Amino acid sequence: MKINPLRGMRDILPKEQRIRDYIEGKILEAYRSSGFERISTPILEDIENLNKSEGGDNLNLIFKVLKRGEKLEKALESGNPEELSDMGLRYDLTLPLSRYFAANRNVLSFPAKIIQIDRSFRAERPQKGRFREFFQCDIDILGDSSPNAEVELIDATTKALFAIGFNDFIVHINDRRILRGMLENMGFAKDSIDSVCISFDKLDKIGVDGVTAELTEKNFPTDAVVALKEFMSAGAIKLDDVAARCGDPSVADDLKYVIKTATEISGGKYKIEYTPNLVRGQGYYTGMVFEITCPQFSGAVAGGGRYDNMVGKFLGQQVPAVGFSIGFERICGILMEQGYKVPDDKERFALLYDDSLAFSAVVAKANELRGEYCVALFKKSKKIGPQLNMLESAGFTKFAALNPDGSLKMFGGDK
């Protein structure tokens, strides 16, 4: 039998789990104080739903589950690999939420303001910071088409980040409708815009020449590529400049409103910036998209966007929806590397005992100490030194043996 977890999966030790529990608790508290309610959905979804969810590259990373019994036998006989599975593990929490809302809309508040903190799964190549099983931390508003929903999500997400000790972050925001309008106006075909956006999204990483080379390699019209290159080379790109290149400049009005309103709410505690090359990878985004960057980290710590067409796939009628997700795994991983300690965490106290004591008396003493400490009981070893070293490495800071008269014999720094 193998003792190690599957590749891309992890066992989490108690020290890290305490940090994860604390971070999750602070985020959840912040979300709930902003009026959001937590739900849970199954990790398995119908494979047809997953395949039609417009999840971009994530659709290639679905863990598919084989059919069972006679159904599997018939699928094998068909020779069609697409018939082999009927369900899969969710790759994010947006598709399950959309299905959940469609099934339970009659008993939910409207607009629905939802929290999801749960596992997702992607069959990607494991690397540092990327796992096949990971937690996502989402809030979504379903049923509100106004830009106030975006403002509310930004406010709640930034409050959650403040609650876990972040500051000086920047909220980057864009609107896919503006970007699409500009690119179409430059000469890119409507059905090719998603591919163009994937390259444009890399501007910060590969620069103007890199984006231009990638678009040329994709055989896009030369005039359109040149127009976009000139635009990217012009320096700082302002929202009004992009809006002026759209067929309908008024499409930028909602984005201007969100930037203005969120900036007012921020009180100068964080910045709101228009970022013209922000695209986000999921194909289901229909309008505004956003990310948050923080000086303590490289890359984004949160991201999301509007996906007005997803729920409609289940109901046959459009339901506006927008969500924001905090990068829970990324944040926890970097905090661990930085030696993060849970603020105001009680000291961990190891209370040692032997068979000469009634166990009821040992528990009573532990309960007496638990008002001030987190107390765990351990039977005293014959060799106390190695046992204390083991406990110290596990995060205990106080060590004592219980004497028959109820007093404590302290070890370590309190000896």
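## Exercises on a predicted model

Let's start with one strand pair: strand S7 (residues 170–175) runs parallel to S8, and 4 bridges join the two. Keep in mind that this is a predicted model.

**Exercise 1. Find the bridge partner of Ile-173 in S8, then place S8 in its sheet.**

Step 1: go to Ile-173 and look across to S8; the partner there is Tyr-274.

Step 2: zoom out to the sheet, which is open, has 8 strands and reads S1-S5-S6-S11-S10-S9-S7-S8 with mixed pairing.

Step 3: check the ends of that order. Strand S8 (271–274) and strand S1 (37–38) are the edge strands, each pairing on one side only.

**Exercise 2. Work out which strands helix H13 touches as it packs on the sheet, and how it is angled to S6.**

Step 1: pick out helix H13 (residues 328–337) and list its strand contacts: strand S6 (133–142), strand S10 (300–306) and strand S11 (321–326).

Step 2: compare directions; that of H13 makes about 130° with that of S6.

Step 3: look at the loop between S11 and H13, where you'll find Gly-327. Leaving out residues up to four places away in sequence, Gly-327 touches Val-301 and Ala-302.

Step 4: classify Gly-327. Its relative accessibility is 26%, and partly exposed covers the range between under 20% and over 50%, so Gly-327 counts as partly exposed.

**Exercise 3. Decide how the buried residues of helix H14 are arranged around its axis.**

Step 1: list the buried residues of helix H14 (residues 359–369): Val-362, Lys-365, Ala-366 and Leu-369.

Step 2: look at their spread. They cover an arc of only 100° around the axis, so they sit on the same side of H14. The general rule helps here: an α-helix has 3.6 residues a turn, so residues three or four places apart point the same way.

Step 3: flip to the other side of H14, where Ser-360 and Glu-368 are exposed.

Step 4: ask what covers the buried residues. The cover includes strand S12 (348–353), strand S13 (374–379), strand S14 (398–402) and strand S15 (408–411).

**Exercise 4. Find the residues that touch the most other members of the largest nonpolar core, and trace the contacts of Phe-188.**

Step 1: among the 77 residues of this core, the ones you want are Ile-23, Leu-183, Phe-188 and Leu-228.

Step 2: take Phe-188 and skip its neighbours within four places in sequence. Its contacts are Leu-183, Ile-193, Val-196, Leu-215, Phe-220, Ala-224, Val-225 and Leu-228.

Step 3: don't stop there, as a second, separate core has 21 residues, including Tyr-91, Phe-101, Val-289 and Met-310.

Terms used: Residues are numbered from 1 along each chain as its sequence is written. This is a predicted model: local features need pLDDT of at least 70, side-chain atom pairs count only at pLDDT 80 or more; totals for chains, interfaces and linings use all residues. Side-chain values use heavy atoms; hydrogens and water are left out. Two strands pair if DSSP finds at least two bridges between them. Contact means heavy atoms within 4.5 Å. Axes are lines fitted to C-alpha atoms, for helices over the stretch in contact, and angles run from 0 to 180 degrees between N-to-C directions. A nonpolar core is a set of buried Ala, Val, Leu, Ile, Met, Phe, Trp, Tyr and Cys residues joined through side-chain atoms within 4.5 Å. Buried means under 20% relative accessible area, exposed over 50%, partly exposed in between (1.4 Å probe, protein chains only). The arc is that of the directions from the helix axis to the C-beta atoms.
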